[in-house]
Each structure stands twice: as C-alpha cells, then as structure tokens.
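User: I have a protein model to go through. Could you take my questions one at a time and show the reasoning?

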Amino acid sequence: MKTIPISIIIPVSKDIKIKECLNSIRDDSEVVVVLNNNPSEEVINIVRNDKRCIAIFLNTVGCNLSQALNIGVQKAKNEKIIIMNSDCIFPEGIISEINNSLDNVDVVKARVLLLHNTFSESLVAKVRYLYNHIFNNQKNIFCPGVAFNKKIVSRVGGYLFDEDMGWGEDADLSRRIHKFKLPYIFIKGEIIHLPESIFHDLKTAMKIGIGKRIRDYKDNLLFKTSVKNLFFYDIIFDRKEHCKLSLKHYGLIVTMYLIIWKIFYFFGYIYAINLK
C-alpha cells in the first residue's frame with residue numbers, strides 16, 4: 001500500500017454508501033470523516049471499523065455541510081486536501097494523480113462520472129454532467145473531487161466554505177477561485193458517483209437555491225432583481241444558454257428535466273427570503 005501525504009475529507013450522516021467509498025481508498029492516506037446531523041449507528045460503526053479513519057463528531061444542532069467541511073479541513077494533518085462525498089468512490093490510481101498534480105498547482109478538479117441503473121437516474125446523471133463539465137464554459141469547480149492545498153484560504157477571501165450558505169458552498173468556492181484568478185487544472189481521472197434518485201436530486205436543488213439566496217443577501221443583491229434574473233432571464237429566456245446546450249448534448253427529455261431542476265432551485269431561492 002502506497003503512502004500518499006494527502007487528507008480525504010468525507011462528511012456523512014446516514015449514508016451507508018460510505019462503506020463503498022472507504023473500500024475504494026486503496027492507498028495509505030489520511031481519511032477524515034465528519035459525522036454530523038445525528039449520524040446513524042450503522043454509519044458510525046462503518047467508520048469506527050475502518051482503522052484509517054479519523055472520526056469527528058459534530059453535535060451542533062443543524063450543523064451544515066459547509067461547517068462539516070471546514071472542520072474536517074482544519075483537523076486534517078496534511079497540507080493537501082481532497083473533498084469527497086460519501087456516495088462516491090475512487091478508481092485506482094486517482095488519489096495519486098491528484099496528489100502529484102497538487103505539486104504543480106494549488107487547485108485540482110477530478111471529473112465526476114455519475115452512474116445510473118434506471119431511466120430516471122440517467123436524467124439526474126446527465127444534468128449533473130452538464131453542470132459539472134459543460135456549463136460556464138467548462139470552468140465549474142464543483143465537489144466532489146475538488147482538491148487543493150490549504151494555503152489557498154488566504155487567496156480566496158480568507159475562508160474556504162461559507163458556513164452561512166450551508167449548500168451551494170462549492171459553487172461559491174469555485175466563483176472565488178475564478179474571481180481571484182487562482183491557477184487550477186482538471187485531471188483526466190474521474191471520481192465515480194453512485195446512482196442518485198430524482199427525489200434526492202430535486203431536494204438538493206432546493207437546498208442549493210437556499211444557499212444561493214443567502215449568498216446573494218450577504219452580497220447585498222436586491223431580492224426582486226435576483227428573482228427576475230433567475231426566473232425570467234435564466235429559466236424563461238435561457239440567458240445562460242443552459243437549455244440550448246442541454247438540447248445539443250442530450251435532447252428534449254433531459255432538457256425538460258433540467259428546467260424542472262431549475263424550478264426547484266428557484267423555489268428554494270424564494271423560500272430562503274424567510275431565512276434572512
């Protein structure tokens with residue numbers, strides 16, 4: 001087993017897929033598992049039975065994903081960090097590829113391949129692929145599979161993940177990486193994301209919408225202006241050309257699901273007006 005000086009941060013609550021995630025780590029790397037939001041006994045036992053894991057229990061009520069990630073990074077012993085989801089797995093060799101790449105640049109992004117077994121799961125996989133690898137001129141640096149050297153914190157506004165947002169924190173980090181012009185690379189290797197249901201995906205869309213509204217509120221963006229931009233310019237008039245790109249790559253049915261996803265995102269954004 002090869003020793004690699006990198007720390008893998010995995011937040012988890014009740015997702016038993018973490019067992020597959022941990023089993024996919026074939027190298028000797030530090031694994032920091034942040035157990036938050038009342039983790040299940042089954043998940044706790046999976047983590048405790050893996051001797052490589054440094055388990056961190058967060059008992060704060062309502063502890064969000066951003067808080068879990070920040071604490072995981074703070075506790076990590078290594079300078080190099082990989083952010084991983086509990087429902088994803090590492091193909092052989094990719095941890096080493098990420099580690100070697102971080103010797104040359106401070107931000108690295110592995111591509112994500114979302115598996116699917118059903119038609120509905122394929123819709124989720126294709127829309128996720130669009131957001132991860134097609135939209136925004138293929139510049140989105142979204143989790144999982146984001147890796148960085150800890151020292152970037154001073155170059156991206158003094159923080160990594162915005163704890164007020166809770167969700168959509170990776171998009172905010174991606175925005176700041178581009179804003180402050182940090183060099184980054186996409187590697188050839190892919191993180192494997194296990195299948196995800198439409199129900200979970202649309203629930204996530206709403207949470208990301210909530211996080212985006214909180215970020216906009218902190219940036220003093222007017223609510224009415226933001227709503228107009230989201231609903232009319234983005235969803236109705238396709239200002240970002242997301243629907244155009246979706247039609248080009250996957251056709252009408254996937255594009256219809258993309259619109260549904262955006263509507264749920266919009267609902268989350270509207271809901272968050274009460275969370276200021």
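User: How many aromatic pairs does a search of the whole structure find?

Analyst: Keep in mind that this is a predicted model. A pair of aromatic rings is described by the distance of the centres and the angle of the planes. Searching the whole structure this way, the number of aromatic pairs comes to five.

User: Tyrosine 131 and phenylalanine 135 are a pair: which kind are they, by centres and planes?

Analyst: The ring centres of tyrosine 131 and phenylalanine 135 are 4.9 Å apart. Their planes meet at 85°. Planes over 60 degrees apart count as edge-to-face. So the pair of tyrosine 131 and phenylalanine 135 is edge-to-face.

User: Is phenylalanine 135 buried or exposed?

Analyst: The cut-off for buried is under 20% relative accessible area. Phenylalanine 135 has 1% relative accessibility, so it counts as buried.

User: How many residues apart in sequence are the parts that tyrosine 131 and tryptophan 261 tie together?

Analyst: Tyrosine 131 and tryptophan 261 form a tilted pair, with 5.0 Å from centre to centre and 45° between the planes. Tyrosine 131 is in helix H5 (residues 119-133), while tryptophan 261 is in helix H11 (residues 252-271). The pair therefore ties together parts whose separation in sequence is 130 residues.

User: Which residues do ring pairs link into a cluster?

Analyst: Tyrosine 131 and tryptophan 261 are both buried. Ring pairs build a cluster here, and its members are Tyr131, Phe135, Trp261 and Tyr265.

User: What lies over the face of tyrosine 159?

Analyst: Here a charge sits over a ring, which takes NZ of Lys or CZ of Arg within 6 Å of the ring centre. The distance from the ring centre of tyrosine 159 is 3.8 Å. The residue over that face is arginine 176.

User: In what order do the eight strands form the open sheet?

Analyst: The pairing in this sheet is mixed. Its edge strands, S3 and S5, each pair on one side only. The order is S3-S2-S1-S4-S7-S6-S8-S5.

User: In which sense do S5 and S8 pair?

Analyst: Strands of a sheet pair through backbone hydrogen bonds, either parallel or antiparallel. Isoleucine 89 has isoleucine 192 in S8 as its bridge partner. Two bridges pair S5 (residues 88-89) with S8 (residues 184-193), and the sense is antiparallel.

User: How many bridges join strand S6 to S8?

Analyst: S6 (residues 107-114) and S8 run parallel. Valine 107 stands opposite tyrosine 184 in S8. The number of bridges joining S6 to S8 is seven.

User: Which residue in S4 stands opposite isoleucine 8?

Analyst: S1 and strand S4 (residues 80-83) run parallel, joined by four bridges. Opposite isoleucine 8, in S4, stands isoleucine 82.

User: Within what arc do the buried residues of H2 fall, seen down its axis?

Analyst: The buried residues of helix H2 (residues 41-48) are Val43, Ile44, Ile46 and Val47. They line one face of H2, because seen down the axis they fall within an arc of 160°.

User: What is exposed on the other side of H2?

Analyst: The buried residues of H2 have a cover that includes strand S1 (3-12), helix H1 (18-23), strand S2 (28-35) and strand S3 (53-57). On the other side, the exposed residues of H2 are Glu41 and Arg48.

User: Which exposed residues does H10 carry on the face turned away from its buried side?

Analyst: In helix H10 (residues 242-250), the buried residues are His242, Cys243 and Ser246. These cover an arc of only 90° around the axis, which puts them on the same side of H10. The face turned away carries Lys244 and Lys248.

User: How far away is the cysteine sulfur nearest to cysteine 143?

Analyst: The structure holds zero disulfides. Cysteine 143 is thus in none, and its nearest cysteine sulfur belongs to cysteine 88, at a distance of 10 Å.

User: Which residue does a cis peptide bond join to cysteine 143?

Analyst: Omega of this bond is about 5°. The partner sits in the loop between helix H6 (135-138) and strand S7 (146-149). The residue joined to cysteine 143 is proline 144.

User: Is lysine 181 buried or exposed?

Analyst: Lysine 181 has a positive phi, near 55°. Its place is the loop between helix H7 (169-179) and S8. The cut-off for exposed is over 50%. With a relative accessible area of 69%, lysine 181 is exposed.

How values were computed: Residues are numbered from 1 along each chain as its sequence is written. This is a predicted model: local features need pLDDT of at least 70, side-chain atom pairs count only at pLDDT 80 or more; totals for chains, interfaces and linings use all residues. Side-chain values use heavy atoms; hydrogens and water are left out. Two strands pair if DSSP finds at least two bridges between them. Rings of Phe, Tyr and Trp (its six-membered ring) pair if their centres lie within 6.5 Å; planes under 30 degrees apart count as stacked, over 60 as edge-to-face and the rest as tilted. Buried means under 20% relative accessible area, exposed over 50%, partly exposed in between (1.4 Å probe, protein chains only). A charge sits over a ring if NZ of Lys or CZ of Arg is within 6 Å of the ring centre and within 35 degrees of the ring normal. A disulfide is a pair of cysteine sulfur atoms within 2.5 Å. The arc is that of the directions from the helix axis to the C-beta atoms. Contact means heavy atoms within 4.5 Å.
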